[in-house]
Amino acid sequence: MMPIQPEKLFHAMTERPLPMTKAGPVVTDSRQVVPGCVFVAIKGERVDGCDYAAAAVKNGAAFVVSERPIAQVPAEKLILVPDILDAMIQMGGNYRDAFSPFLAGVTGSVGKTTTKEFLYAVFSSFGETVKTQGNQNNEIGMPNTLFQLSPSTRYAVVEMGMQGLGEISKLTRAAKPQAAIITAVGVSHLQRLGSRENICRAKMEICEGLPPGGLLAVNGDDDYLPGAPLPPGVNRVFFGLKGKGLSVTAENIRQEGDAQRFTIRDENGALPAYIPALGTHNVYNALAAYTLAVFSGLDREKTAAALSRFETTGYRQHLREIGGIRVLEDCYNANPDSMRAALCALAELDKKGAAIAVLGDMLELGAVSEEAHYEAGALAAKKGVQSLILVGEECRAAEKGAREAGLDDVVWCGAKAEALEALLPRVKKGDAVLFKASRGMKLEEIMQEFYYRLEHKGE
């Protein structure tokens with residue numbers, strides 16, 4: 001973050017005169033305090049930032065942003081706000097106003113982080129690009145992305161997530177994207193929002209930050225997005241594989257090892273494309289990035305070629321080989337759509353042995369949870385999984401679905417340690433193993449111990 005005048009950073013947050021010195025980085029962790037920074041005292045589940053505010057000032061923080069007075073912080077250094085998370089968003093928006101990159105927003109129930117990475121691969125081929133790190137797409141992460149902007153930033157890709165209605169509205173009004181993508185409307189957060197109609201409404205809020213004539217690229221194959229009410233002045237463009245009225249589509253999709261080749265077809269003809277990623281869902285993600293970039297004016301041939309620069313992040317369908325065993329790491333999050341995509345990717349994976357899936361609960365599905373888990377188990381059987389290891393109470397339904405679909409080797413485990421012990425004797429050289437669950441299940445703990453046991457086998 002570049003230093004900025006306090007009155008610009010805190011615009012509309014305070015009416016009192018502020019020092020003329022410039023404010024430095026905005027930090028929420030007292031361990032990251034540096035002279036001249038702004039310390040935002042956020043109260044988390046276990047830690048209250050107000051308890052560290054005095055130390056932050058002592059270590060050089062120029063200002064403290066807080067919801068309540070703090071006796072040890074001088075009044076001239078304290079910015080009081082009614083809502084600390086709204087304040088973070090507002091500071092991010094104020095900082096964003098100091099710069100003029102082409103900024104794209106990305107949201108959706110599934111695939112938004114991967115789509116963000118495809119868009120980053122494209123934009124960074126044209127100029128200096130800032131992107132959301134990981135999936136830091138909430139009231140803290142999104143402003144932190146905006147704080148990365150500088151005069152040399154030509155493009156920015158900002159991911160926006162939500163837990164309920166109204167949240168994306170706040171994020172997009174601060175980010176002010178010139179264009180946006182909605183990948184899909186799934187059932188994530190159904191427990192909180194009650195219906196897919198409400199989920200669609202929440203995702204469509206991203207339009208509220210678009211300028212007149214702003215571009216919205218949406219999945220034309222989704223059963224909600226094509227008919228979603230569109231705010232006046234928004235230019236909606238559809239991408240997809242089978243829907244009607246598509247402006248961008250893909251043909252001749254074929255797998256080549258752990259990658260895919262296909263032909264992009266748009267109103268100007270056909271272009272070859274290559275992506276180092278498995279699964280039809282990743283073709284959708286690549287098409288989303290291509291559509292936004294090209295309909296925003298970037299060269300179509302260079303855009304299509306840039307898709308090959310895509311790199312996976314975190315535990316999102318990251319492929320690893322250890323001891324002759326191929327592991328598909330996809331345990332950062334899960335919902336019915338991404339679970340289906342992961343099982344399809346496992347089936348398509350180039351392997352010499354068996355397909356083994358270690359699946360954990362998909363959380364926050366509400367009333368559809370039992371049905372969704374049952375269908376996941378059944379799909380595992382239909383996609384050729386030979387051994388299915390399940391973790392979590394919700395996966396009881398997946399066990400039933402897999403068995404009724406004809407899969408015999410199904411093991412349900414109440415604890416992750418049990419799942420590891422069930423996996424180890426089943427896996428052998430040449431096999432492929434998928435790890436997939438919602439983030440709250442922390443399935444990566446099994447995965448990391450699995451790696452450790454393989455590396456120290458026989459010791």
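A residue counts as buried here when its relative accessible area is under 20%, and Phe 450, with a relative accessible area of 0%, is therefore buried. The model on screen is a predicted one, and the tour begins at this residue.

**Stop one: Phe 450 and its ring partners**

Select Phe 450 together with Phe 435, and you will find an aromatic pair whose centres are 5.9 Å apart and whose planes make an angle of 55 degrees, so that with stacked pairs under 30 degrees and edge-to-face pairs over 60 it counts as tilted. Phe 435 belongs to strand β19 (residues 432-436) and Phe 450 to helix α15 (residues 444-455), so the pair ties together parts that are 15 residues apart in sequence. Both Phe 435 and Phe 450 are buried. Now add Tyr 451 to the selection: Phe 450 and Tyr 451 form a tilted aromatic pair as well, at 6.2 Å centre to centre and with 40 degrees between the planes. Tyr 451 has a relative accessibility of 2% and so counts as buried.

**Stop two: other rings**

A search of the whole structure finds nine aromatic pairs. For a further view of such pairing, select Tyr 95, Phe 99 and Phe 147, which ring pairs link into a cluster. Two charged side chains are also worth displaying with their rings. Show Lys 302 with Phe 126, and you will see the lysine over the face of the ring, at 4.6 Å from the ring centre; then show Arg 439 with Tyr 332, where the arginine lies over the ring face at 5.2 Å from the centre.

**Stop three: Asn 94**

Move next to helix α3 (residues 84-96), and pick out Asn 94 within it. With a relative accessible area of 11%, under the 20% limit, Asn 94 is buried. Which residue offers its backbone oxygen at 3.2 Å from a polar atom of the Asn 94 side chain? Display the backbone of His 11, and its oxygen will be found at that distance. When neighbours within four places in sequence are set aside, Asn 94 is in contact with Lys 8, Leu 9, Phe 10 and His 11, and these four can be selected together with the asparagine.

**Stop four: the open sheet**

Select strands β1, β2, β3 and β4, which make up, in that order, an open sheet of four strands with parallel pairing. At the edges are β1 (26-27) and β4 (78-80), each of which pairs on one side only. Strand β3 (residues 63-66) is paired with β4 in the parallel sense over three bridges, and to see a bridge at the level of residues, select Ser 66 with Leu 80, its partner in β4.

**Stop five: helices α9 and α13**

Colour helix α9 (residues 280-295), whose 16 residues reach 22 Å from the first C-alpha to the last, close to the 22 Å expected at 1.5 Å a residue. Helix α9 is mostly covered, with 13 of its 16 residues buried. Following α9 you will come to Gly 297, which has a positive phi, near 110 degrees.

Finish at helix α13 (residues 396-404), where the residues to select are the buried ones, namely Ala 397, Ala 398, Glu 399, Gly 401 and Ala 402. Adding α12 (369-382), β17 (387-391) and β18 (410-413) to the display brings in the elements against which the buried residues of α13 pack. Just after α13, select Gly 406, where phi is positive, at about 105 degrees.

Note on methods. Residues are numbered from 1 along each chain as its sequence is written. This is a predicted model: local features need pLDDT of at least 70, side-chain atom pairs count only at pLDDT 80 or more; totals for chains, interfaces and linings use all residues. Side-chain values use heavy atoms; hydrogens and water are left out. Helices (H or I, at least four residues) and strands (E, at least two) are DSSP runs, numbered from the N terminus. The expected span of a helix is 1.5 Å times one less than its number of residues. Buried means under 20% relative accessible area, exposed over 50%, partly exposed in between (1.4 Å probe, protein chains only). Rings of Phe, Tyr and Trp (its six-membered ring) pair if their centres lie within 6.5 Å; planes under 30 degrees apart count as stacked, over 60 as edge-to-face and the rest as tilted. A charge sits over a ring if NZ of Lys or CZ of Arg is within 6 Å of the ring centre and within 35 degrees of the ring normal. A polar contact is a pair of N or O atoms within 3.5 Å; within protein, one must be able to donate a hydrogen and the other to accept it, and residues adjacent in sequence count only if both atoms are side-chain atoms. Contact means heavy atoms within 4.5 Å. Two strands pair if DSSP finds at least two bridges between them.
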